[in-house]
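Reader: I have a sequence and a model on the bench and would like to go through the fold step by step. Can we take it as questions and answers?

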Amino acid sequence: MRLGVFGGTFNPIHYGHLRAAEEARERIALEKVIFVPSASPPLKSGDLADVEHRFLMTAMAVQQNEYFEISDIECRKPEKSYTVTTARVLRQEHPDAEIFFILGVDAFMEIPQWHEPDELIRLIDFIIIGRPTMRFASLVRSPYLDVNPGELEGLDRGTGEALAATLEGGRKAVLLGIPLLDISSTAIRALIGEGRSIKYLLPEKVESFIMSNRLYMYKQ
Ligand code: ATP
C-alpha cells in the first residue's frame, strides 16, 4: 500500500493544498492521503488560529474527497509537534506501507532546521511539489538531494513532469511538477484582514466557518 501524508499548519487550508494532494494521489497512485494539521509548529509563530479551529476546517475540506483523511496525531498533544515523531508513529501504524510525505519545495528546503532531520530523511519517502514562490531549481542547495540543475530547470518550465531522485541515505524523492495554484494561507489571512473577499481560494464550507467564527479579522 502507498500512503500519502500531507502535514501543514493549514491556517487555513485552501485549494492549493487540496489540489496538490489530489495530483499527488492520482499520479503516484496513493491509496489515500492523510492530512496532519500541526499543533504548535516550532518554526511558525504569529497569527495562528486555535488548533481546534484549524483541525475542524481541515476536516471539512477533506470530507469532500473519499481518498482524503485527517489525523489528529500532531494535535492531540499540547507540546510542540515534530515531523520525525509523526513519521515514526505512522511507520509503526502502517508497517507494510510505502509512506510518502507530500510537501512543497519551500517546506523541503526547511528540513535541515527541523528536529532530527537526518533521521527523518532516512525514515520515509517524499513527494516534492513546486511552489510559485520557490521553484525546483532551489533544490540544488538541498543537502539531501543530488540532482542535475538542468533537469530541475526543465521541471520548472513544464507543468506535468515528474523526476525520481534518491535521497541521502537511500529513500525515494519524487519531484512532481503540477500546475501551480498561487494561493497561500498568508495571502488569505491578509485578504481577510483587509476586509476583502476570499471566495474561490478555499472550500465554501471553510470560508463560512472563518466568517462565522471571525477568524483572522485584524489588520496585517
Ligand atoms: P503560510 O502561508 O501560512 O506559510 P501555506 O499556505 O504555505 O501557509 P502550510 O500549511 O504552511 O501552508 O503548508 C503546508 C504544505 O503545503 C507545505 O508543504 C507547503 O509547501 C504546501 N503548500 C502550501 N500552499 C501550496 C500551494 N498553493 N500549492 C502547493 N503546495 C502548497
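What follows is a set of questions on this predicted model, each with a short answer.

Reader: In what order do the seven strands of the open sheet stand?
Author: The model is predicted. Its open sheet has mixed pairing, and the twist averages 25° from one strand to the next. The seven strands stand in the order 3-2-1-4-5-7-6.

Reader: Which strands stand at the edges of the sheet?
Author: An edge strand has a single partner strand, so one side of it is left without a neighbour in the sheet. This applies to strand 3 (68–70) and strand 6 (162–166).

Reader: Which residue is the bridge partner of G7 in strand 2?
Author: Strand 1 (residues 2–8) and strand 2 (residues 32–37) run parallel and are joined by six bridges. G7 takes part in this pairing, and its bridge partner in strand 2 is V36.

Reader: How many of the residues of strand 4 are buried?
Author: Strand 4 pairs with strand 1 in the parallel sense over five bridges, with E98 as the bridge partner of R2. Strand 4 also pairs with strand 5 (residues 125–129), again parallel and over five bridges, and there L103 stands opposite I128. Strand 4 is mostly covered, and the number of buried residues is six of seven.

Reader: Why is strand 7 described as largely enclosed?
Author: Strand 7 (residues 172–176) pairs in the parallel sense with strand 5 over four bridges, where I129 stands opposite L176. Strand 6 and strand 7 pair in the antiparallel sense over five bridges, and L176 is the bridge partner of A162. Strand 7 is largely enclosed by the rest of the structure because the buried residues number four of its five.

Reader: Which residue in the hairpin of strand 6 and strand 7 takes a positive phi?
Author: The hairpin has five residues between its strands. The phi in question is near 100°, and the residue is G169.

Reader: What span should helix 1 have, at 1.5 Å a residue?
Author: Helix 1 (residues 15–27) has 13 residues. Its end C-alpha atoms are 18 Å apart, which agrees with the expected span of 18 Å.

Reader: Is H17 buried or exposed?
Author: H17 lies in helix 1 and touches F6, F10, P12 and S185, leaving aside residues up to four places away in sequence. Its relative accessibility is 14%, and buried means under 20%. H17 therefore counts as buried.

Reader: What is the omega of the peptide bond from N11 to P12?
Author: P12 is found in the loop between strand 1 and helix 1. Most peptide bonds are trans. The bond from N11 to P12 is cis, with omega near 0°.

Reader: Which strands does helix 3 touch?
Author: Helix 2 (residues 51–62) lies across strand 2 and strand 3, running at about 160° to strand 3. Helix 3 (residues 83–93) also packs on the sheet, and its direction makes about 155° with that of strand 4 (98–104). The strands that helix 3 touches are strand 1, strand 2 and strand 4.

Reader: Which residues of helix 8 make the contact with helix 2?
Author: The axes of helix 2 and helix 8 come within 8 Å and cross at roughly 155°. That angle is over 145 degrees, so helix 2 is roughly antiparallel to helix 8. Helix 2 contributes H53, L56, M57, M60 and A61 to the contact, and helix 8 contributes K205, V206, F209 and I210.

Reader: Is E204 buried or exposed?
Author: E204 has its place in helix 8 (residues 204–212), and its C-alpha atom is separated by 11 Å from that of Q64, 140 residues apart along the chain. Its relative accessible area is 63%, and the cut-off for exposed is over 50%, so E204 is exposed.

Reader: What is the phi of Y216, which is not a glycine?
Author: Most residues other than glycine have a negative phi. Y216 lies in the segment after helix 8 and counts as buried at 4% relative accessibility. Its phi is positive, about 60°.

Conventions:
Residues numbered from 1 in each chain as written. Predicted model: local features only at pLDDT ≥ 70, side-chain atom pairs only at ≥ 80, totals over all residues. Heavy atoms only, no water. Helix = DSSP H or I, 4+ residues; strand = E, 2+ residues; numbered from the N terminus. Buried < 20%, exposed > 50% of the residue type's maximum accessible area, 1.4 Å probe, protein only. Pairing = 2+ DSSP bridges. Axes fitted to C-alpha atoms, helices over the stretch in contact; angles between N-to-C directions. Contact = heavy atoms within 4.5 Å. Expected span 1.5 Å × (residues − 1). Parallel < 35°, antiparallel > 145°, perpendicular 65-115°, else oblique.
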